[in-house]
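This report describes one protein model from the atoms up. It begins with charged pairs and goes on to the fold, the core and the chain end.

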Amino acid sequence: ITKINSSGILQWEESYNSESHYASKYIDVNQTNDGGYIFTGSSKINGWNNDIILIKTDSNGKTIDVEQ
């Protein structure tokens with residue numbers, strides 16, 4: 001995920017993958033009241049099972065919580 005400002009300058013860039021799962025696509029992203037972000041999408045475990053994934057980050061894109 002990449003965040004850019006209104007001038008198109010890169011603010012931060014993060015990847016949200018792990019050895020046990022990876023997101024195949026993010027469907028929605030919203031900024032939260034605390035300035036962080038919440039991402040929803042679908043992930044695959046062991047390469048074939050689809051699951052819903054929810055990732056909460058701080059305002060710099062650092063992972064706070066992952067629910068699957």
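## Salt bridges

Two salt bridges turn up when the whole structure is searched; the term stands for a side-chain nitrogen of Lys or Arg within 4 Å of a carboxyl oxygen of Asp or Glu. One of them joins the side chains of Glu-14 and Lys-62, with an N to O distance of 2.7 Å. Glu-14 sits in the loop between E2 and E3 and Lys-62 in the loop between E5 and E6, so this pair ties together parts that are 48 residues apart in sequence. Lys-62 is partly exposed at 44% relative accessibility, where buried means under 20% relative accessible area, exposed over 50%, and partly exposed in between (1.4 Å probe, protein chains only).

Asp-34 and Lys-56 form a salt bridge through their side chains, at 3.1 Å from N to O. This pair also links distant parts of the chain, with Asp-34 in the loop between E3 and E4 and Lys-56 in strand E5, 22 residues apart. The partners differ in exposure: Asp-34 is exposed, with a relative accessible area of 55%, whereas Lys-56 is buried at 17%. In general, side chains of opposite charge can pair when their charged atoms come close.

## Basis of the model

The model is predicted: local features need pLDDT of at least 70 and side-chain atom pairs count only at pLDDT 80 or more, while totals for chains, interfaces and linings use all residues. Residues are numbered from 1 along each chain as its sequence is written, and side-chain values use heavy atoms, with hydrogens and water left out.

The mean pLDDT (the predictor's confidence in each residue, from 0 to 100) is 82, and 81% of the residues reach 70 or more. Among the elements, strand E2 (residues 10-13) has the highest mean, 93, and strand E3 (residues 21-31) the lowest, 75. Where pLDDT is low, the predicted coordinates should not be read in detail.

## Overall fold

The protein has six strands and zero helices; both are DSSP runs numbered from the N terminus, with at least four residues for a helix (H or I) and at least two for a strand (E). Along the sequence the pattern is β-β-β-β-β-β.

Of the 68 residues, 24% count as buried. The accessible surface is about 4700 Å², and carbon and sulfur atoms account for 48% of that; the areas come from the Shrake-Rupley method with a 1.4 Å probe, and for residues only the protein chains shown count as cover. Among contacts (heavy atoms within 4.5 Å) between residues at least 6 apart in sequence, 22% join residues at least 24 apart.

## Core and strand E5

The largest nonpolar core has six residues: Trp-12, Tyr-16, Tyr-37, Phe-39, Ile-53 and Ile-55. Strands E4 (37-45) and E5 (49-57) are the elements that give two or more residues to this core. Such a core is a set of buried Ala, Val, Leu, Ile, Met, Phe, Trp, Tyr and Cys residues joined through side-chain atoms within 4.5 Å.

Beyond its neighbours within four places in sequence, Ile-55 is in contact with residues including Tyr-16, Tyr-37 and Phe-39. With the same neighbours left aside, the contacts of Lys-56 include Asp-34, Tyr-37 and Lys-62. The C-alpha atoms of Lys-56 and Thr-40, 16 residues apart along the chain, are 9.0 Å apart.

## Segment after E6

Gln-68 is in the segment after strand E6 (63-67). Gln-68 is partly exposed, with a relative accessible area of 43%. Between the C-alpha atoms of Gln-68 and Ser-43, 25 residues apart along the chain, the separation is 8.4 Å.
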